[in-house]
Amino acid sequence: MNKKIPNFIYTNQFGLLCLVLIFTLIFSTSTDGFTSRFNIFALSRVIAIDIMIGLAMMVVILTGGLNLALGAIGVCAAMFGGWCMEVLGIPIIPSILLMLGMGSFLGWINGIITVKTGVHSFVVTLATMSIYFGFMTMLTEAEAFRRLPELFTDFGSAKLFNKYVSPLLLVSVATCFALFYLFRFTDIGRKLIAAGANPEAAELSGISVNRMFIYCHMLSGFLGALAAILLTTRIGAAIPSMAGQLGMDWLLPAFLAPVIGGTLLSGGKLSVFGTMLGAVLVTLLTNGLYLLDVGEFWIRFFLGIILLLAVLLDRTREYFTLKSVIVS
Amino acid sequence: MNEFCLEISSANKSFPGVKALDQATFQLRKASIHALLGENGAGKSTLIKIITGVHKQDSGKLIINGKEETLNNPNDATKFGISVVHQERNLIRRFSVGENLMLNNMPKTALGLIDYNEIAIQSKKWLKILDLDIDPNTLVSDLTVAKMQLCEIAKALSLKAKILLLDEPTSSLSPQESKILFSLLKKIVREEGVSIVFVSHKLEEVFNICDDVTVLRDGQNACTSEDIKNLDRQKLVRLMIGRDEQIVKSTRKNQNTKDTILALKNVKTELGHKNINLELNRSEIIGLYGLVGAGRTELMKCLIGQDKITDGEVIINGKKVTINSPKSALEKFKIGYISEDRKKEGLILIHNVLDNTSITVWSQIKKAIGFVSDGMISKKVDPYISQLEVKTPSNYQLISNLSGGNQQKISVAKWLAAGTDILIIDEPTVGIDIKTKAYLHELIIKLADDGTSIILISSDMPEMISLADKIIVMNNFQMNGIVENNHDYDSVSSKIMEYIHT
Ligand SMILES: Nc1ncnc2c1ncn2[C@@H]1O[C@H](COP(=O)(O)OP(=O)(O)OP(=O)(O)O)[C@@H](O)[C@H]1O
Ligand SMILES: [Mg+2]
């Protein structure tokens, strides 16, 4: 939690902000299309979705856990929404609410199983990832929903601010503010963080840790569904492979953003705006490297390296926040 | 200069916002026991951490056996024959007691594998020296704090160091266990020429075993290597706190209103308690006394719903109730539990002072849609933080950066803030200096006078006798008897000891 920033200069966020600026500078001078209106608009759409995915993972990392089923939940929510709108003809707003409900429900299942069995959420969500995805494939027979209401898909291609920015980005930034408010200014948010930091102490202080963990998983599912909604409006269809095999394409950006952003992998500390900046940085890098014509393979290679560096950073961060504990 | 095996001269050490040591000087004579005293946050542990290579001094010299040395990490200290029991527990909770004890020199079989039989045999030897009856295969996480503390002492002894640093080794022990430790310490000083640095807030212990005394105040020397024979309790206290000690005498009359707020009838628990009967009246302080392992903490954990009560009745305000979680204990029945294990169960070390102190009150102070701001929290908890004189540069300091005693104050403060009807206090003054201890005692009495009912667990017999109205003596997860407390130390303590041994 970034309580009372003593000196903004020393925070992780400031470092990230500098990196974002530096890379923007590098790419805008070394490539042609980087600052074009088209590219900036495209970037804003991708960034919006990556932020949302990062936030969805962040709230489970908060508990010291992981949500590998995130992508699968997202795709399930998207397909469910596609079915509601295209087949059942349910209007857009109720459909969106149903999708969010679906995401939360699948997250709730993850949470319940994790809490009741005591098995690490890594294992639980590894299993539910296949289960959710399998179910979805079976029910949809791997068919996409491509005839979504126009109003819905228009949102994904709308352009704001002199046609530079997608409204999707506004949704993600607003979500960041909402989460920041939740974690910093509400009792439930504080309890979620406390439960993640030291479950035993939190429990004895009158916090129902199990319930908090379930909430975190639900919130993760909710945000996953939100990311899926953004993605569906962007590509204009709900497609089973929209997040890759088993939804695994989401996992790398999902880890990268919060870990680079300063969320402690062991739980109990998070940074909402760090996650946002982390997502921005990763997307910028990927986009810039594309424009520099570095091959797809090398981009993945780079992202892998960045993930490793970020985890290393997490280790040192943990060492420093706990220094006097580990040794004293 | 050869009479000193360890010297620190004019050491300085600063942390952000705090000057922990300010020209501190310390000299340890060979084959002596040297007391290092001072209030919470005076810099004792910091000094010990410098001697053991955990921290590095900003300036000043560290001289070992007459030579100036630089220690870069704890391993360096081990090489000079320095071994330490830190104030905070450092055992690996998922390892067994035996594995922890032998961690630094694991016995191996001919094939180079770890020899678990040998671990058991060797660790048993060291446990026995401290009269500790623990199976070496027990997981550390299953031990009480006191037993962990004893294990850690056994571990330090097993290294056969020449210089032994003990940072509040007796904080969680009862006098009986401390006595065994002390005779052992005296023996290794006499027979093996070991030199010992001893930190404690219990002055009787200091007069009992120490030869020299160094007192720190706000990181500076209030006295350096004074012969204990030149000091008495009063002088020592004045050196530590700058004024005379205030003795808290309970002036409480025995409550004649019998307004039973909590009763346990024939309670059995899943942890093995049997036949527990207890009655707590409004404004009453009941003490639970017993040796390490008597099952006092465990009983209280069952009461607040952390573990299960399997049989018998719990009656609150005349109604039979079931408490199934600490949350319902706090929110429905207004029962709070101050844990004895502040590091594991009391505090969130990676969070700050404000968040830790307020964790019990968020639900109480929240406004519409759960709104809670730092300002609202400060308003609620600041009085408790300043009442207990918590030494911290700001409310945003991480708990892990506070001195041990100040951490303890926070774990008490958060429950004072909660304002419960029944407060279970488990070893409240562990590691707290005498000034704050007196203050806490006053506070507990005042809480009770104002209508809170208190169950007090303490291994500190004088504390128990000065605070409790009646004392329940427990042994082996059962109640051995109840002693009405007339606050006369000699008669009450002998009655307690009688019950312990029946
Ligand atoms: N890692 C740290 N970071 C910041 N401040 C620290 C750190 N360690 C200690 N301090 C501060 O240094 C001062 C001295 O602490 P120290 O632990 O030496 O006190 P102590 O004499 O051992 O007290 P106690 O009796 O409570 O154990 C305290 O004000 C403490 O808050
Ligand atoms: Mg200390």
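User: Let's start at the ligand. How far is an oxygen atom of ligand 1 from an N or O atom in the side chain of Ser403(B)?

Analyst: A good place to begin, with the reminder that this is a predicted model. To read such a pair, look for N or O atoms within 3.5 Å of each other. Here the separation between the Ser403(B) side-chain atom and the ligand oxygen is 2.7 Å. Two further side chains belong in this picture: a polar atom of Lys44(B) is 2.7 Å from an oxygen of ligand 1, and an N or O atom of Asn40(B) is 3.0 Å from a ligand oxygen.

User: How much of ligand 1 does the protein bury?

Analyst: Compare the ligand taken alone with the ligand in place. Alone, ligand 1 exposes 640 Å², and 95% of that is buried by the protein.

User: Which elements give two or more residues to the shell around ligand 1?

Analyst: In chain B they are strand S2 (18–29), helix H1 (44–51) and helix H15 (404–418). The shell holds 22 residues, and those that come nearest are Gly41(B), Ser45(B), Thr46(B), Ser403(B) and Gly405(B). Sorted by class, 14 are polar, five nonpolar and three charged.

User: Where does ligand 1 lie with respect to the chains?

Analyst: Ligand 1 sits between chains A and B, which brings us to the interface.

User: How many residues of each chain are in contact there, and what area is buried?

Analyst: Counting both sides, 43 residues of chain B touch 35 of chain A. About 3,200 Å² is buried between the two chains, with carbon and sulfur atoms giving 60% of it. On the chain B side, the three residues that supply the most are Lys327(B), Ile350(B) and Trp362(B), with 19% of the area that chain B buries against chain A.

User: What about salt bridges and polar contacts between the chains?

Analyst: For a salt bridge, check that a Lys or Arg side-chain nitrogen is within 4 Å of an Asp or Glu carboxyl oxygen. There are four between chain B and chain A. One pairs Asp187(A) with Lys366(B), at 3.4 Å from N to O. Polar contacts link 12 residue pairs across the interface.

User: And which classes of residue make up the side of chain B that touches chain A?

Analyst: That side has 18 nonpolar, 13 charged and 12 polar residues.

Methods. Residues numbered from 1 in each chain as written. Chains lettered and ligands numbered in written order. Predicted model: local features only at pLDDT ≥ 70, side-chain atom pairs only at ≥ 80, totals over all residues. Heavy atoms only, no water. Near = heavy atom within 4 Å. Polar contact = N/O pair within 3.5 Å; in protein donor to acceptor, adjacent residues only side chain to side chain. Areas by Shrake-Rupley, 256 points an atom, 1.4 Å probe, with all protein chains shown as cover. Helix = DSSP H or I, 4+ residues; strand = E, 2+ residues; numbered from the N terminus. Nonpolar A, V, L, I, M, F, W, Y, C, P; charged D, E, K, R; others polar. Contact = heavy atoms within 4.5 Å. Buried area = accessible area lost by both parts, 1.4 Å probe.
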